[in-house]
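Please look over the sequence and the structure shown here before reading on. The text then goes through the parts one at a time.

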Amino acid sequence: MSLLDVEGLTVAFRGERGEATAVEDVWLHLDPGEILGVVGESGSGKSVTALSIMGLLPEPAARVAQGRVVFEGAVLTGMAEHRLRRIRGPGIGMVFQEPMTSLNPVFPIGEQITETLAAHGERDGAKQRDRAVEMLERVGIPSAAQRLGDYPHQISGEQRQRVMIAMALACRSGRQWPSRGRSRWGTGPRRPGSGPCACQRTCFRRAGFTIAST
Ligand SMILES: Nc1ncnc2c1ncn2[C@@H]1O[C@H](COP(=O)(O)OP(=O)(O)OP(=O)(O)O)[C@@H](O)[C@H]1O
Ligand SMILES: [Mg+2]
């Protein structure tokens with residue numbers, strides 16, 4: 001069974017002068033273990049496509065006008081919110097492109113990871129902490145146990161992105177959708193739009209993830 005199929009996805013936004021089509025007739029196919037990079041100019045619809053897959057389009061402004069998203073055989077388009085919530089996190093994770101707007105600046109990173117774990121059902125504080133350390137180690141943050149108390153502004157931009165990935169990993173997410181792979185990932189310059197860099201791929205591969213860059 002394929003992991004993900006996007007079939008003829010068309011998304012429209014309502015404005016004062018009627019509807020405008022933001023994404024038109026997008027088809028994607030992803031098998032387990034596959035890596036898919038989506039490349040396109042700014043405004044071409046990468047984020048809107050990713051948000052549609054996650055069922056996170058801004059409503060009521062946006063709507064899926066045509067097509068559907070099928071994940072592990074289940075049709076996500078039009079699925080009830082309570083069912084979608086069970087798929088987001090454990091099934092599909094999303095790493096947003098700007099960690100400074102996604103991480104809360106007033107809480108230590110460890111707390112933000114354990115909060116995610118709590119939201120997904122882990123109540124034991126010691127287990128939450130152990131898992132947070134394990135996840136930070138897994139994404140390559142050195143001295144992870146000592147980093148738990150750091151605030152987002154105390155770590156580098158690259159490490160903040162790793163923390164975002166650790167949060168998605170902590171939910172035992174099987175797949176990642178890093179929103180834009182154009183960030184600074186450690187090991188030297190990359191061409192914009194060239195997909196996830198080697199370091200990022202290693203992080204995900206180590207975790208056994210399928211990724212797509214949007
Ligand atoms: N909230 C919104 N209301 C109206 N139109 C929107 C909204 N969000 C996105 N769009 C439109 O949808 C289209 C696709 O935008 P999207 O953000 O998906 O582009 P992108 O490929 O992710 O660009 P970037 O590389 O800059 O991140 C654009 O034309 C954009 O103006
Ligand atoms: Mg985008």
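What follows begins with the chain as a whole and then turns to its parts.

The model is a predicted one. Its protein chain contains eight helices and eight strands. Of the 214 residues in this chain, 35% count as buried. Among contacts in the protein chain with a separation of 6 or more, 65% are between residues 24 or more positions apart.

A good place to start is the sheet. Four strands make up an open sheet, in the order β2-β1-β4-β5, and their pairing is antiparallel. At the edges are β2 and β5 (74–75), each of which pairs on one side only. Helix α1, residues 46–54, packs on the sheet and touches β1, β2 and β4. The direction of α1 makes about 110 degrees with that of β1.

The pairings can be followed strand by strand. Strand β1 (residues 4–15) and strand β2 (residues 18–30) run antiparallel and are joined by nine bridges. The two strands form a hairpin, with two residues between them. Two bridge partners show how this pairing is laid out: leucine 9 is matched with valine 26 of β2, and alanine 12 is matched with threonine 21 of β2. With strand β4 (residues 62–71), β1 also pairs in the antiparallel sense, here over eight bridges. In this second pairing, leucine 4 has phenylalanine 71 of β4 as its bridge partner, while glutamate 7 stands opposite arginine 68 in β4. In a regular strand, side chains alternate between the two faces of the sheet.

Glycine 8 gives a closer view of β1, the strand in which this residue is found. Is glycine 8 buried or exposed? A residue counts as exposed if 12 or fewer other C-beta atoms lie within 10 Å of its own. Glycine 8 has 11 C-beta neighbours inside 10 Å, so it counts as exposed. Leaving aside neighbours within four places in sequence, glycine 8 is in contact with Asp25, Trp27, Gln66 and Gly67. Glycine 67 is 59 residues from glycine 8 in sequence, yet the two are 4.5 Å apart in space, C-alpha to C-alpha.

The next part is the helix that packs on this sheet. Helix α1 is mostly covered, with seven of its nine residues buried. Those buried residues are Lys46, Ser47, Val48, Thr49, Ala50, Ser52 and Ile53. After α1 comes glycine 55, which has a positive phi near 70 degrees.

The ligand can be described through the residues around it. How many residues surround ligand 1? There are 13, and the closest are Ala22, Ser42, Lys46, Ser47 and Val48. Helix α1 supplies three residues, the largest share of the shell around ligand 1. By type, the shell divides into five nonpolar, six polar and two charged residues. Lys46, Ser47 and Val48 therefore appear twice in this account: they are among the buried residues of α1, and they are among the residues closest to ligand 1.

Some backbone details lie in the loops. Proline 60 is in the loop between α1 and β4, and a cis peptide bond joins glutamate 59 to this proline, with omega at about 5 degrees. Glutamate 72 is placed in the loop between β4 and β5. Its phi is near 45 degrees, a positive value in a residue other than glycine. Glutamate 72 is partly exposed, because 16 other C-beta atoms lie within 10 Å.

Two helices further along the chain also meet. The axes of helix α4 (residues 109–119) and helix α5 (residues 125–138) come within 9 Å and cross at roughly 115 degrees. This crossing of α4 and α5 is right-handed. On the α4 side the contact is made by Gly110, Ile113, Thr114, Leu117 and Ala118, and on the α5 side by Gln128, Arg129, Arg131, Ala132 and Met135. The residues of this contact divide into five nonpolar, three polar and two charged.

The last stop is serine 143, in the loop between α5 and α6 (144–147). Phi of serine 143 is near 45 degrees, again a positive value in a residue other than glycine. Serine 143 counts as exposed because it has 10 C-beta neighbours inside 10 Å.

Key:
Residues numbered from 1 in each chain as written. Chains lettered and ligands numbered in written order. Predicted model: local features only at pLDDT ≥ 70, side-chain atom pairs only at ≥ 80, totals over all residues. Axes fitted to C-alpha atoms, helices over the stretch in contact; angles between N-to-C directions. Left-handed = near helix turned anticlockwise from the far one by under 90°. Contact = placed C-beta atoms within 7 Å. Nonpolar A, V, L, I, M, F, W, Y, C, P; charged D, E, K, R; others polar. Pairing = 2+ DSSP bridges. Near = placed C-beta within 6 Å. Buried ≥ 20, exposed ≤ 12 C-beta atoms within 10 Å, placed from the backbone.
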